[in-house]
Amino acid sequence: MDAVTRLLADLVAIPSVNPMGRLLSGPEFLEGGMSDYLCDWFDRLGVRYIRRTIAPGRDNILAYYEAPNSHKTILFDAHQDTVPVEGMTIDPFRPEVREGRLYGRGACDIKGGMAAMLIAFERLVKERPAGSASVVMACTVDEEFTHIGSSDLANYEHGASLAIVAEPTRLDLVDRHKGAVRWKIRTKGVACHSSTPHLGKNAIYRMGEVLGHLSSYAQSLGKERVDPVLGPATLSVGRIEGGQSVNVVPDWCHVEIDRRVIPGEDLAECQARVYRYLNEKLGDIPDIEFLPPWVRMPALSPERGGSDTWREGVVDAIAHATGRTPSVIGVPYGTDAGPLSERGLPCFVLGPGDIAQAHTKDEWIELDQLRTAVEAYFEIAKLVG
Ligand SMILES: [Zn+2]
């Protein structure tokens with residue numbers, strides 16, 4: 001087994017499941033085991049690193065390669081967490097290699113990309129190629145839920161002037177993607193016995209009115225706000241909950257909103273616009289409450305960070321490493337590059353594997369891509385420097 005496959009097998013065998021906001025605990029949850037492993041790994045490599053606590057049991061790890069006489073620093077970013085494992089048809093934490101693939105939770109998203117970045121980083125440290133950039137290797141927490149790791153990193157003095165974020169892109173280069181804002185809308189009513197409903201005020205009926213208007217709003221949004229590459233901004237209601245019991249008129253109901261954002265949209269304004277729309281349609285709405293968003297992930301675009309000035313160099317480096325010129329594309333899903341680019345850092349998303357295998361019940365990655373990714377990351381640090 002080659003070094004990157006061995007490292008990936010190690011990473012997959014360490015559970016780092018994101019509880020996704022649920023109150024779950026146990027050895028398979030959170031990133032602690034991964035962080036311990038990474039610190040040992042950087043210790044053995046003999047590089048400086050820091051372990052920065054973002055939340056209890058959740059630490060970003062940042063390791064430093066200081067290139068001789070370099071003027072530029074590149075940030076490599078890969079997240080430590082994975083999505084949950086319920087419903088998987090393979091053993092999620094026992095990596096298995098067959099037919100040129102490695103199977104296991106996180107193999108594709110994004111322990112594969114992380115393993116490839118780490119091996120490229122190790123080569124830089126050992127070979128110290130002339131003219132290469134310095135590299136900060138950042139392993140972040142909580143990418144799959146609220147991005148607290150990359151949001152912290154975005155405000156940290158990492159000194160980088162370009163970021164490469166690992167996600168499965170089949171080694172194409174992503175320079176734009178949508179962002180997201182997620183929040184709850186709550187309706188408030190007056191509870192009473194269901195045999196005398198006229199004495200109460202039904203919060204679920206009220207939510208029914210709200211939902212009708214949200215559906216119309218979502219349709220108009222799809223026509224008004226369209227990115228030429230990424231398509232329309234969208235709004236979707238994904239969950240609903242309310243009431244205490246069938247024999248009580250409910251005094252509360254809430255829905256969860258997923259608003260996908262296109263480049264150029266103001267995140268705070270997304271919520272405000274929905275509020276104004278409901279206000280206009282329903283009149284006075286003191287019984288309708290908007291809770292603060294638990295996800296606010298900016299969109300990525302070349303305009304925001306100015307990644308277009310780096311594009312040619314990065315494309316050449318990838319082509320040099322892989323023998324194939326990557327397509328420069330946009331994707332609908334969000335990544336750590338959203339928060340990282342918010343303060344103007346140019347970012348690209350690049351990694352081995354296909355998003356079609358991410359989060360699946362038999363997640364896998366092609367080992368050929370994994371090995372090629374090592375070369376691509378190494379070459380970017382070498383040529384872009
Ligand atoms: Zn990911």
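**Entry 1: β1 and β2**

I began with strand β1, residues 48-55, which is joined to β2 by seven bridges and runs antiparallel to it. The model I am reading is a predicted one. For one point of register I looked up arginine 48 and found its bridge partner in β2 to be tyrosine 64. Next I checked the turn of this hairpin. Two residues lie between the strands, and glycine 57 takes a positive phi near 75 degrees.

I then followed β2 to another partner. Strand β6, residues 134-140, pairs with β2 in the antiparallel sense, over five bridges. There tyrosine 65 stands opposite valine 135.

How many of the eight residues of β2 are buried? I found eight of the eight, so strand β2 (residues 58-65) is largely enclosed by the rest of the structure. I sorted them by side. Arg58, Asn60, Leu62 and Tyr64 are buried on one side of β2. Asp59, Ile61, Ala63 and Tyr65 are buried on the other, and both faces are covered.

**Entry 2: the zinc ion**

Which residues are the protein donors of the zinc ion? I listed His79 through NE2, Asp109 through OD, and Glu167 through OE, with Glu167 entered twice. These donors lie 1.9 to 2.5 Å from the ion. I noted the sequence spacing of the donor residues as H-x29-D-x57-E.

I placed two of them in the fold. Aspartate 109 is in helix α3 (residues 107-127), while glutamate 167 is in the loop between β7 and β8 (173-177), so the pair ties together parts that are 58 residues apart in sequence. Both aspartate 109 and glutamate 167 are buried.

I turned to the geometry. The angles among the four donor atoms run from 55 to 138 degrees, and the site is irregular. To count as tetrahedral, four donors need all angles between 85 and 135 degrees. For reference, the ideal angle for four tetrahedral donors is 109.5 degrees.

**Entry 3: β9 and its partners**

I moved on to strand β9, residues 179-188. With strand β15 (residues 252-261) it pairs in the antiparallel sense over 10 bridges. Alanine 180 stands opposite arginine 260 of β15.

Strand β17, residues 295-297, also pairs with β9 in the antiparallel sense, over three bridges. Here I picked out arginine 182, whose bridge partner in β17 is valine 295.

I looked up strand β16 (residues 288-290) too. Three bridges join it to β9, and the two run antiparallel. Isoleucine 185 faces phenylalanine 290 of β16.

**Entry 4: helix α5**

Helix α5 takes in residues 203-224, 22 residues in all. From first C-alpha to last it reaches 31 Å, close to the 32 Å expected at 1.5 Å a residue.

I listed its buried residues: Ala203, Arg206, Met207, Val210, Leu214, Tyr217 and Leu221. Why do they line one face of the helix? Seen down the axis of α5, they fall within an arc of 85 degrees, so they line one face. I checked the face turned away from this buried side and found the exposed residues Tyr205, Gln219 and Lys223. The cover over the buried residues includes β9, β13 (234-242), β15, α6 (267-282) and β16.

I stopped at arginine 206, which belongs to helix α5. Is arginine 206 buried or exposed? Its relative accessible area is 13%, so it is buried, the cut-off being under 20%. Setting aside neighbours within four places in sequence, I found arginine 206 in contact with Thr187, Leu282, Asp284, Ile285, Asp287 and Ile288.

**Entry 5: helix α10**

Helix α10, residues 367-384, has 18 residues. It reaches 26 Å from its first C-alpha to its last, close to the expected 26 Å. Among its buried residues I noted Leu367, Leu370, Val374, Tyr377, Phe378 and Val384.

**Entry 6: two glycines**

Glycine 313 sits in helix α8, residues 308-322. It is partly exposed, with a relative accessible area of 33%. Glycine 313 and arginine 206 are 107 residues apart in sequence and 55 Å apart in space, C-alpha to C-alpha.

I ended with glycine 159, in the loop between α4 (148-154) and β7 (162-165). Glycine 159 has a relative accessible area of 57% and is exposed, since the cut-off for exposed is over 50%. I found glycine 159 and threonine 335 to be 21 Å apart in space, C-alpha to C-alpha, and 176 residues apart in sequence.

Methods:
Residues numbered from 1 in each chain as written. Predicted model: local features only at pLDDT ≥ 70, side-chain atom pairs only at ≥ 80, totals over all residues. Heavy atoms only, no water. Helix = DSSP H or I, 4+ residues; strand = E, 2+ residues; numbered from the N terminus. Buried < 20%, exposed > 50% of the residue type's maximum accessible area, 1.4 Å probe, protein only. Donors = N, O, S within 2.8 Å, 3.2 Å for Na, K, Ca; no water. Tetrahedral: all angles 85-135°; square planar, octahedral: opposite > 155°, others 65-115°. Pairing = 2+ DSSP bridges. Expected span 1.5 Å × (residues − 1). Arc of directions from axis to C-beta. Contact = heavy atoms within 4.5 Å.
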